[in-house]
Amino acid sequence: MRAVVQRVTKSSVTVDGMLTGKSGHGLMVLIGVADGDTEQDAAYIADKITGLRIFEDEAGKMNRCVIDVGGEILAVSQFTLLGDARKGKRPSFTTAAPPEEAKALYQTVIERMKERGIHVEEGVFQAEMLVEIHNDGPVTILLDSQKNF
């Protein structure tokens, strides 16, 4: 499982011109599920996202997590995070999980983040979405449950 985590001042997602999710100060998270991912991968990603210390403390050091700052999370499923472009110019998505498996594990990540008391909104699984991201910093962190990077 992979995630792109961005510290944001605000973010939103719309589908067919309708707002489906938004966040204020907090995190915008893109989540991709790989074939073979398990509940442990979902737990790892949720724990990493909610515990990432990428918000500044009083001394200006990145030392606080989204929970510490009372931030929100906007989560969006994105199978293209599993794209492999090492050969040629057209990415291959063969390592992405089938939609029904991906949706269940994506929802597990969402539920685990909500269990920590964080306000989480989301996009629409498998929909064509327009995502607006106001990256703060910019701060962008890549996560991979298999620790490939």
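What percentage of the 149 residues of the protein count as buried? In this predicted model, 42% of them do.

**View 1. Overall fold of the protein, with its two helices and eight strands.** Follow the chain from its start and you will meet the pattern β-β-β-α-β-β-β-α-β-β. The radius of gyration is 15 Å, which agrees with the value near 15 Å that a compact globule of 149 residues would have. Taken along the principal axes, a box of roughly 45 × 35 × 30 Å holds the C-alpha atoms. Take contacts between residues at least 6 apart in sequence: 72% of these join residues at least 24 apart.

**View 2. Surface and charges of the protein.** About 8200 Å² of surface is accessible, and carbon and sulfur atoms account for 50% of this area. The protein carries 17 positive and 22 negative charges, and the mean positions of the two sets lie 6 Å apart.

**View 3. Valine 33 in the loop between β3 (26-32) and α1 (39-51).** Is this residue buried or exposed? Valine 33 has a relative accessible area of 6%, and because the cut-off for buried is under 20%, valine 33 counts as buried.

**View 4. Contacts of valine 33 beyond its neighbours within four places in sequence.** Here you can look for Met1, Leu82, Ala96, Ala97, Ala102, Leu105 and Tyr106, which are in contact with valine 33.

**View 5. Valine 33 and aspartate 57, shown together.** These two residues are 24 places apart in sequence, and their C-alpha atoms are separated by 32 Å in space.

Notes. Residues are numbered from 1 along each chain as its sequence is written. This is a predicted model: local features need pLDDT of at least 70, side-chain atom pairs count only at pLDDT 80 or more; totals for chains, interfaces and linings use all residues. Side-chain values use heavy atoms; hydrogens and water are left out. Helices (H or I, at least four residues) and strands (E, at least two) are DSSP runs, numbered from the N terminus. The radius of gyration is taken over C-alpha atoms; the globule rule is 2.2 Å times the number of residues to the power 0.38. Buried means under 20% relative accessible area, exposed over 50%, partly exposed in between (1.4 Å probe, protein chains only). Contact means heavy atoms within 4.5 Å. Accessible areas come from the Shrake-Rupley method with a 1.4 Å probe; for residues, only the protein chains shown count as cover. Lys and Arg count as positive and Asp and Glu as negative; His and the chain ends are not counted. The place of a charge is taken as NZ of Lys, CZ of Arg, CG of Asp or CD of Glu.
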